Amino acid sequence: MTTPQQYVQDKAAAAGSSFYYAFRFLAADRRAAITAFYAFCREVDDVVDEVSDASVAQSKLAWWRTEVSNAFGGRPTHPVMLALMPHVGAFGIEERSLQEVIQGCQMDLEQTRYLDFPGLSRYCHLVAGVVGEVAARIFGQTQEQTTAYAHKLGLAFQLTNIIRDVGEDAMRGRIYLPVNELQQFDVKAHEILNRQYSERFAALMRFQAERAQRLYDEALALLPTEDYRAQKPGLMMASIYRTLLSEIEADNFQVLHQRVSLTPLRKLWLAWKVQALGRM
């Protein structure tokens with residue numbers, strides 16, 4: 001029989017995520033906590049991505065809201081919550097944060113377009129900024145300002161995901177690029193939904209990439225030196241994600257017909273470089 005710990009480990013590894021490579025370098029208790037938290041994020045995200053019937057997805061998210069509430073009341077039942085709950089006290093993980101992640105996934109069911117960047121930022125706050133803050137506490141935070149760093153880094157990760165996944169999201173009828181920015185570059189929604197490349201599309205994507213790169217710079221500038229060593233897992237992810245973004249830029253944003261990714265070996269190398277050499 002699979003234990004909750006094995007369940008979350010399998011969930012994290014199966015995702016093939018950059019997060020997985022960063023977790024490998026953590027102490028056992030922190031690794032157990034972040035793996036369980038990451039598995040929770042994957043579970044609720046999968047509800048939106050893998051359940052085609054919106055009413056079924058709504059019901060599943062409602063179930064997760066209740067499960068989180070019950071778990072913090074001392075009655076977890078899902079393997080993910082059984083694995084996570086022993087760590088919430090040690091790492092200051094709050095029910096509010098998990099409910100906000102669910103709320104962000106709920107937005108995916110209710111909204112397929114965002115009028116402007118402030119609107120998109122609200123969504124990114126819930127699905128990525130909050131995740132960054134929880135992760136920073138698990139990695140080992142001693143300075144208040146590290147929260148601002150982690151939140152902004154989470155936003156940079158999410159914008160990188162949005163750039164990478166434009167084609168994949170279009171297949172689901174979703175466009176996360178703000179409507180007013182599509183208008184600014186004269187890119188029509190149907191061009192993205194039909195996955196049509198153009199110079200206008202490339203210019204729009206360059207604009208998105210420059211904003212993401214700015215956010216990485218701003219986030220890294222916020223990280224207090226006192227927490228630099230503890231926050232290395234986040235810096236490993238930043239190295240992997242920025243390298244991915246640079247690859248997409250170098251390839252002139254060929255993201256409508258494919259999902260650009262780095263090989264596992266390259267991710268491991270980038271993570272190791274931050275761990276061993278202390279640089280991105």
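Here are some exercises with worked solutions on the structure above, which is a predicted model.

**Exercise 1. Overall build**

Work out which secondary structure elements the protein has, and how its radius of gyration fits that of a compact globule.

*Solution.* Start with the elements: the protein has 15 helices and zero strands. Next, take the extent of the C-alpha trace, which spans about 50 × 50 × 35 Å along its principal axes. Now bring in the chain length. For 280 residues, a compact globule would have a radius of gyration near 19 Å, and the protein has 19 Å, so the two agree. Then look at burial: 51% of the 280 residues count as buried. Finally, turn to the contacts with a separation of 6 or more, of which 72% are between residues 24 or more positions apart.

**Exercise 2. Cysteines and disulfides**

Find how many disulfides the model holds, and explain why Cys41 and Cys124 are not bonded.

*Solution.* The cut-off you need is a pair of cysteine sulfur atoms within 2.5 Å. Take Cys41 to begin with. Its closest cysteine sulfur is in Cys105, 8.0 Å away, which is too far for a bond. Now try Cys124: here the closest cysteine sulfur is also in Cys105, at 12 Å, and again this is too far for a bond. The count of disulfides comes to zero. As a last step, check the surroundings of these two residues. Cys41 counts as buried, with 12% relative accessibility, and Cys124 is buried too, at 2%.

**Exercise 3. Helix 15 and its faces**

Test the length of helix 15 (residues 264–277), then decide where its buried residues lie around the axis.

*Solution.* First, the length. At 1.5 Å a residue, the 14 residues should span 20 Å; the end C-alpha atoms are 19 Å apart, which agrees. Second, list the buried residues of helix 15: Lys267, Leu270, Ala271, Lys273 and Val274. Seen down the helix axis, these fall within an arc of 150°, so they line one face of helix 15. Third, ask what that face meets: its buried residues pack against helix 2 (18–23) and helix 14 (232–250). Fourth, turn to the face pointing away from the buried side, where you will find the exposed residues Pro264 and Leu265.

**Exercise 4. The nonpolar core**

Identify the residues with the most contacts inside the largest nonpolar core, and trace the neighbours of Met81.

*Solution.* The largest nonpolar core has 95 residues. Helix 8 (residues 117–140) gives the largest share of this core, with 13 residues. The residues with the most contacts inside the core are Phe37, Phe40, Met81, Leu177 and Ile192. Now pick out Met81. Leaving aside residues up to four places away in sequence, Met81 touches Phe40, Trp64, Glu67, Val68, Ala71, Phe72, Pro76 and Leu98.

**Exercise 5. Two glutamates**

Are Glu100 and Glu144 buried or exposed? Locate each of them as well.

*Solution.* Begin with Glu100, which sits in helix 7 (residues 95–110). At 16% relative accessibility it is under the 20% limit, so Glu100 counts as buried. Beyond residues up to four places away in sequence, Glu100 touches His125, Leu126 and Val130. Then take Glu144, found in the loop between helix 8 and helix 9 (145–164). Its relative accessible area is 70%, over the 50% limit, so Glu144 is exposed. To finish, relate sequence to space: Glu144 and Leu223 are 79 residues apart in sequence, and their C-alpha atoms are 10.0 Å apart.

Note on methods. Residues numbered from 1 in each chain as written. Predicted model: local features only at pLDDT ≥ 70, side-chain atom pairs only at ≥ 80, totals over all residues. Heavy atoms only, no water. Buried < 20%, exposed > 50% of the residue type's maximum accessible area, 1.4 Å probe, protein only. Helix = DSSP H or I, 4+ residues; strand = E, 2+ residues; numbered from the N terminus. Expected span 1.5 Å × (residues − 1). Arc of directions from axis to C-beta. Contact = heavy atoms within 4.5 Å. Core = buried A, V, L, I, M, F, W, Y, C linked by side-chain atoms within 4.5 Å. Rg over C-alpha atoms; globule rule 2.2 N^0.38 Å.
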